[in-house]
Amino acid sequence: MVMSTSLNIPAAPPASTFARWPEERLQASREAALEHWCGTQDIWVFGYGSLIWKPEFAFLEQRPALLPGHHRALCLWSRINRGTPEVPGLVFGLEAGGDCHGMAFRIAAATVRPIFEILWRREMATGAYHPSWIDCQTPNGSVRALAFVIDQNGPAYVPEPTEDALIDIVLRASGIYGSCLDYVTQTADALHAVGIHDARLAALVARLNARLSQGQQTLS
């Protein structure tokens with residue numbers, strides 16, 4: 001086990017603030033996102049984290065895409081998937097400022113509603129994001145894609161901690177989908193595989209690997 005050395009880990013909100021949205025609220029949010037959809041056009045979805053390496057839905061096409069005005073950040077406490085209420089992990093959200101390189105997925109019009117139901121159960125289970133339609137730049141032109149932007153007023157939001165604190169949080173947390181470390185490294189690997197270089201994420205993974213190596217040396 002790699003021991004924590006950072007003293008500036010932000011305090012997670014009380015576990016009592018964690019609540020899943022009821023079905024009615026999920027449906028209302030989903031319908032609001034589709035309010036201006038004509039029903040016959042394909043729809044694009046922007047992936048910037050685990051959607052890149054585990055989309056879990058069928059798509060007609062995927063393209064590298066640049067989403068302006070937002071950046072990828074570990075800014076959302078995870079109390080089930082990659083952590084626990086007692087030891088939460090962190091997962092990615094889109095924060096305002098900068099740009100974000102990711103992947104845009106084109107969903108066939110005929111499958112939009114069933115796929116959006118899957119997406120909402122996965123991404124909006126606690127209402128942590130604002131589903132937002134944003135123009136993205138791709139090699140084949142601009143597309144308007146749905147992106148899950150972090151709700152900074154939500155109880156699970158945290159301004160991205162310092163790198164030292166991130167290392168401690170990522171190394172200690174694990175949930176029903178696996179460790180926070182696996183989540184971060186799989187995202188970095190997936191970005192690299194499609195030719196996307198995220199310098200901040202690459203630097204974080206390098207330091208995580210260094211800490212892991214130090215821990216193994218200590219135990220040997």
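Here is a chat between a student and a tutor about how the labels on this predicted model follow from its values.

Student: What should I know about the model before we start?

Tutor: It's a predicted model, where local features need pLDDT of at least 70, side-chain atom pairs count only at pLDDT 80 or more, and totals for chains, interfaces and linings use all residues. Residues are numbered from 1 along each chain as its sequence is written, and side-chain values use heavy atoms, with hydrogens and water left out.

Student: How many helices and strands does the chain have, and what makes a run count as one?

Tutor: There are 6 helices and 7 strands. Both are DSSP runs numbered from the N terminus: helices are H or I with at least four residues, strands are E with at least two. Reading from the N terminus, the order is α-β-α-β-β-α-β-β-α-β-β-α-α.

Student: How do you know whether the radius of gyration agrees with a compact globule?

Tutor: The rule is 2.2 Å times the number of residues to the power 0.38, and the radius is taken over C-alpha atoms. For 220 residues that puts a compact globule near 17 Å; the chain has 18 Å, so the two agree. The C-alpha trace spans about 60 × 40 × 30 Å along its principal axes.

Student: Why is Phe57 called buried or exposed?

Tutor: Buried means under 20% relative accessible area, exposed means over 50%, and partly exposed is in between, with a 1.4 Å probe and protein chains only. Phe57 has 9% relative accessibility, so it counts as buried. Across the chain, 48% of the 220 residues get that buried label.

Student: What makes Phe57 and Phe59 an aromatic pair, and of which kind?

Tutor: Two things go into the description of such a pair: the distance of the centres and the angle of the planes. Rings of Phe, Tyr and Trp (its six-membered ring) pair if their centres lie within 6.5 Å; planes under 30 degrees apart are stacked, over 60 edge-to-face, and the rest tilted. The structure holds 9 aromatic pairs. In the case of Phe57 and Phe59, the centres are 6.3 Å apart and the planes make 75°, so by the cut-offs this pair is edge-to-face.

Student: And what makes Phe59 and Phe105 a pair?

Tutor: Their ring centres are 4.9 Å apart with 65° between the planes, so this pair is edge-to-face as well. Phe59 sits in the loop between helix H2 (50-53) and strand E2 (61-78), while Phe105 is in strand E3 (residues 89-107), so the pair ties together parts that are 46 residues apart in sequence. As for burial, Phe105 is at 0% and counts as buried, whereas Phe59 has 33% and is partly exposed. Elsewhere, ring pairs link Phe116, Trp120, Tyr129 and Phe148 into a cluster.

Student: Why is Leu51 called buried or exposed, and which residues are in contact with it?

Tutor: Leu51, in helix H2, has a relative accessible area of 5%, so it is buried. Contact means heavy atoms within 4.5 Å. Beyond its neighbours within four places in sequence, Leu51 has contacts that include Phe57, Phe105, Leu119 and Arg122. Gly102 is 51 residues away from Leu51 in sequence, with 9.5 Å between the C-alpha atoms.

Student: What makes Glu56 stand out?

Tutor: Glu56 has a positive phi of about 60° although it is not a glycine. This residue lies in the loop between H2 and E2, and with 47% relative accessible area it is partly exposed.

Student: Pro13 and Ala11 are both in the segment before helix H1 (23-33), so how do you know which label each one gets?

Tutor: Pro13 has 18% relative accessible area, so it is buried. Ala11 has 71%, so it is exposed. Setting aside neighbours within four places in sequence, Pro13 is in contact with Trp77, Arg79 and Pro155.

Student: What about Val87: where is it, and why does it get its label?

Tutor: Val87 is in the loop between E2 and E3. Its relative accessible area is 33%, so it is partly exposed. Again leaving out neighbours within four places, Val87 is in contact with Arg172 and Ala173.
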